[in-house]
Amino acid sequence: MEKWDNNKAWFLVLPVFAIVAFSAVIPLMTVVNYSVQDIFGPGQRVFVGAEWFKATLADRRLHEALWRQFLFSGLVLLIEMPLGVMIALAMPKRGWGVSFSLVTLALPLLIPWNVIGTIWLIFTRPDIGLFGSIINSMGIAFDHTASPLDAWITLMLMEVWHWTPLVALLAYAGLRAIPEVYYQAAKIDGASAWATFRYIQLPKMRGVLTIALLLRFMDSFLIYAEPFVLTGGGPGNSTTFLSIYLVKLAVGQFDLGPAAAFSIIYFLIVLALCFVFYQVLQNVGRGEKA
Amino acid sequence: MIPKKRTILLAFYFGLLLLPIYWMLNMSLRTNADILSVLTLYPTDPTLVNYIKIFTDASWYSGYINSMIYVAMNTTISLTVALPAAYAFSRYRFVGDKQIFFWLLTNRMAPAAVFLLPFFQLYSTLGLIDTHIAVALAHCLFNVPLAVWILEGFMSGIPREIDETAFIDGYSLPRFFITVFIPLIRAGVGVTAFFCFMFSWVELLFARTLTVTNAKPIGAIMTRTISATGLDWGLMAAAGVLTIVPGALVIWFVRNHMAKGFALGRV
Amino acid sequence: MAQVELHEIAHSYLRKPKGESDYALKRIHNIWDDGGAYALLGPSGCGKTTLLNIISGLITPTKGRVLFNGKDITSLPPEQRNIAQVFQFPVLYDTMTVFDNLAFPLRNRGVHRREIIQRVHEVADILDLTPFLKNRAAGLDASAKQKVSLGRGLVRSDVAAILFDEPLTVIDPHMKWQLRRKLKQIHEQLNLTFIYVTHDQVEALTFADKVVVMCEGEIIQIGTPEDLFETPEHTFVGYFIGSPGMNFLPCTLEGNIARVDDVGIPLDEETAALGHKAQGKMELGIRPSYVQLRSKQEEGSIPARIRAVEDQGNFKIVVLSLPGKTLWAKVPEGRPVPEGKAWLVFPKEKLRLFADGRLVR
């Protein structure tokens, strides 16, 4: 279907354009403004050019946060994607179990992000938490406030707990969209459960799984509230991810210039990833139509 | 019938999924002293004292009301502006359409932390700090693009012949849109409202930064209490449990449409 | 290759069927000969696909047994029945090549590699798919896709029967004819049992040796296309087969005369004798192509008003009005059609008598 050519359609987009421009463009201008100035106080500012950018790009702690971020996102995806698909495959196809599964899965997604942190704080603390006390009673010292490894394990557990349901819901929706005759044909062809998965379910889920993968990558890349509540970025800087570092810089130390330069670099990284995301999505759409 | 192996595994997973939430519920029914003294799997001496405190203390329950207000405002604004725009993207080709659509999407992916400080300054300048509308507007940053995206998907599923027939029958665009088109995509509108609700409800970085007392969301009140009152775990757990309730109610109402929304993959 | 026997089959999609109306299939009791080409014909929702799925094993019937070559296979799953099925929409493994698609059923059964290559090439030859073997299956056109679906059934050397569920629905009209001819060719070449579900009578009549007409979960008649046309056993068959369908006139019997609205139509003695033995509401049936039009009154002719004449190329369809009913006549091109009014003559040997919808015999 060809779309109608009509530039008057702009009037329909105008409200969205205005509201997003207000929320996005004006603040971004402020950030750009800060990133090239040194600010001592009201009315006292000096133009410093690309200095903050140079400093930021050379900031060792930023590099660490960036690698930490990639490692975290990568590990999380490695667990969440297969687990989510497995859950979707095990979910019932009809009956009351469908509603029950959907509601249960969606539950963690609707909990405010800092409450997620709180839940896991309560759950994993060695003194009052079920998880923490069980692990400790098994003779393994577990304390996410002291050991970086424990902090990472806790964060990963929390992230997997929080977001695997999203992958599962997407995968489930993809599975339900496969027409029944494919399964019938596979049965007649004598396909094993694995062959059915490998050659029917997985290819048919490709679209939703791509979306799930990219969404999960982006969102885990921007993670802030949950680790902030649970570990506050510590112990040390072991769980200081990009967003946490940025907020520390901007709000904690009020280093506006470096924070702004950091913001712009951060945003550009996300923008680049977002562009890849968009391209891949377009291709997925095209592949299905062909 | 003997339950299959995978049903057992699924039940086990759901058990693990609900366990942390159960643990918080367990805590919320106990006093702080009780929590700190013994570890029990269920409240031996259940008490509603934490909930009573929340429902009687205005500094607590106003947090819920504040959250509800800005979430409702945000959902309304997002849907109102996104509906015509999504229609434009799904039906028309115009100068810069693809670029605008992409630019909108980038905002869905924008790191909230980047916008934190500029937002604070912007709303301070406008005198909107500590108002519900400030939070609602801030959440439009990611919810409006999201709404446009989801709605565009649903609208593209409606054949364009319907529009053409209506225009030939003499409908004006606004009348056609309100009386014919929106009823056709009401499932899509429902799904969009659900996701707008969801993302506005769970977001707290902006909500906390842009409010002081009058519009403070419950989530922020919780975190403030952690540091101020020497950690009343029971009270905090009760507040946490109460933040889950609205979400759970909303899921229950949209459970049949949810799978459809996810099927589009536009979240 | 196999003879398929359906023994007292009945099926309901409800877990606890109560009355007869809960059954999608009421009572099917039949033997399908080895190597036959059968068409299952009937309107949508008559239970054709249900019956097909019972034969393939995708559905286990509520009652009754399915036997292949005398062996009870009712409880066997589809993969152990040695049947192949082609569905309404082409089912392909999108990510595989045409070769891998065709090899898939053999690989699942652990067939030796050399034999797989040989079989796939044989089948690809038969189906004219050889040039596409290395292509991705997803990129083929609809008719080639449907051939691949068929090929997955043909590659198995042990296949007993191939079931088709309206396989030409998504095929372009000009390809339909070609593909149907291909199917017929394959049937002659391989001598497999073919069971073909369709609601298109032209497809059924040109494809099959035997047509099975179904209606509301029951088999109404099994016969050659000629049988169905000349001696439908039920008014439904007469009406459903042929375009336009058979004409039916309510009548009463008086000796060897069938009386329709005061006009006596002579019957042959045998038909009349059978008719006197039968009970119920009598109807006289005649195919439109056997109705003769006269411009003058004759012995046993019925007056009718000509309402319309549709020229269909090599024949004309004349729409006739009788008091309270409409009749059709099919007149070959070149034969004159009277104007305004005509007298209808029904040849004795082409008249069929029905009692309560069933042919008297």
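Buried here means under 20% relative accessible area, with over 50% called exposed and anything in between partly exposed (1.4 Å probe, protein chains only). Keep that in mind for the cysteines at the end of this tour of a predicted model, in which local features need pLDDT of at least 70, side-chain atom pairs count only at pLDDT 80 or more, and totals for chains, interfaces and linings use all residues. Residues are numbered from 1 along each chain as its sequence is written, chains are lettered from A in the order in which they are written, and side-chain values use heavy atoms, without hydrogens or water.

**First stop: chains A and C**

Select chain A and chain C together. Their contact (heavy atoms within 4.5 Å) draws 15 residues from chain A and 21 residues from chain C. About 1600 Å² is buried between them, 62% of it on carbon and sulfur atoms; this is the accessible area (1.4 Å probe) that the two parts lose on being put together, summed over both. Now pick A:I188, A:D189 and A:Y199, which lose the most area on the chain A side, together 41% of what that side buries.

**Next: a salt bridge**

Stay on A:D189 and add C:R152: their side chains form a salt bridge at 2.7 Å, N to O. The term covers a side-chain nitrogen of Lys or Arg within 4 Å of a carboxyl oxygen of Asp or Glu, and chains A and C have 2 of these between them.

**Last stop: cysteines in chain C**

Select C:C215, which counts as buried because its relative accessibility is 14%. Then go to C:C251, also buried, at 9%.
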